[in-house]
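I am opening a notebook on a structure I have not looked at before. I will look up its open space, then its interior, then a few single residues.

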Amino acid sequence: MSQFDLNPMFHRMKNSLGNVVIYERDGQLYTRVKPKKKTGSTGAQKEIHTAFASLSSDWSSAGTLMNSSWYKHGEKKKQHAYNLYMKTNFKKAREQKAIELFKPMGEIMSPAVTAAPGAAGEIVCTYTIPEAEAGRFIHFFVKRKSDGEDENIMKRYSPAGTDSSTHTITNLEPGAEYFIYAALTDMDYKEATMVSASVAVTALAGA
């Protein structure tokens with residue numbers, strides 16, 4: 001901080017000159033250098049922000065049944081569902097890995113799923129439902145794997161039929177990488193009260 005005398009003309013000017021701030025205290029004029037503005041988030045800060053944004057988006061877009069599975073699990077742990085979901089998945093999301101989308105709610109085994117590129121903009125999912133779970137409904141959740149951004153909304157697909165089969169997901173970005181999640185329910189998604197733990201695979205859409 002510097003004290004100095006100014007020519008009267010400077011008293012009529014604004015209270016700064018370039019990166020120097022001029023101010024008055026106890027009838028005396030002083031100067032100080034303006035603090036530099038931050039140039040933006042660091043890489044680590046951006047990773048943290050993106051992970052939180054991604055998880056929050058998934059929590060909202062996957063729907064009520066997904067939220068309920070975490071509420072039930074949170075009650076057992078005596079933890080708030082959303083906080084438990086974040087705590088469980090934050091490291092995975094930050095490392096751009098598949099998350100744990102559903103906690104089991106009721107006694108339903110998970111399906112077995114594989115995925116591979118199909119035609120341009122398509123991914124072919126091959127799934128097997130355990131024999132003991134015949135008659136259950138299967139649901140797929142698809143989200144593009146992004147690098148440092150999270151503007152993508154998770155979409156749900158519920159193919160008809162419960163036998164070992166395949167399901168082709170269409171209208172994807174050709175050549176892009178996607179997370180594929182799958183879970184079984186006791187009824188159609190909106191009416192379901194039971195859900196299996198989710199399984200996850202990663203696949204490229206056909207180019």
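**Entry 1: the largest pocket**

I began with empty space and found about 150 Å³ of it in the largest pocket. The model I am reading is a predicted one. Twelve residues line this pocket, and I noted Ile153, Lys155, Asn171, Leu172 and Tyr178 as the closest to its centre. Two elements give two or more residues to the lining: β7 (137-144) and β8 (155-157). Of the elements, β7 gives the most, with three residues. I sorted the lining by residue type and got five nonpolar, three polar and four charged residues.

**Entry 2: the nonpolar cores**

Next I looked up the largest nonpolar core, which has 24 residues. Met66, Tyr85, Leu101, Phe102 and Phe141 have the most contacts inside this core. I then checked which elements supply at least two of its residues, and listed α2 (43-62), α3 (64-77), α4 and β10 (177-185). The largest share comes from α4, with five residues. There is also a second, separate core of 18 residues, and I wrote down Tyr127, Ile129, Ile169 and Ala182 as included in it.

**Entry 3: Leu101 and Phe141**

I picked two residues from the list of those with the most contacts inside the largest core, Leu101 and Phe141. Setting aside neighbours within four places in sequence, Leu101 is in contact with Ala62, Met66, Trp70, Phe141, Met154, Tyr181 and Ser198.

Phe141 sits in strand β7. Is Phe141 buried or exposed? Its relative accessibility is 1%, so I entered Phe141 as buried, the cut-off for that being under 20%. With the same neighbours left out, within four places in sequence, Phe141 has contacts that include Ala62, Leu101, Phe102, Met154 and Tyr181. Lys155, Arg156, Phe179, Ile180 and Tyr189 are also in contact with Phe141. I looked at Tyr181 again: Phe141 and Tyr181 are 40 residues apart along the chain, yet their C-alpha atoms are separated by 4.9 Å.

**Entry 4: Asn89**

My last residue was Asn89, in helix α4 (residues 81-94). Asn89 counts as buried because its relative accessibility is 0%. What does the side chain of Asn89 reach? I found the backbone nitrogen of Glu100 at 2.7 Å. Not counting residues up to four places away in sequence, Asn89 touches Leu55, Trp70, Ile99 and Glu100. Trp70 was already in my notes as a contact of Leu101.

Technical notes:
Residues numbered from 1 in each chain as written. Predicted model: local features only at pLDDT ≥ 70, side-chain atom pairs only at ≥ 80, totals over all residues. Heavy atoms only, no water. 1 Å grid on protein atoms, 1.4 Å probe; cavity = no way out; pocket = protein on both sides within 12 Å on 5 of 7 lines; lining within 4 Å. Points joined across faces, edges and corners; volume = space filled by probe spheres on them. Helix = DSSP H or I, 4+ residues; strand = E, 2+ residues; numbered from the N terminus. Nonpolar A, V, L, I, M, F, W, Y, C, P; charged D, E, K, R; others polar. Buried < 20%, exposed > 50% of the residue type's maximum accessible area, 1.4 Å probe, protein only. Contact = heavy atoms within 4.5 Å. Polar contact = N/O pair within 3.5 Å; in protein donor to acceptor, adjacent residues only side chain to side chain. Core = buried A, V, L, I, M, F, W, Y, C linked by side-chain atoms within 4.5 Å.
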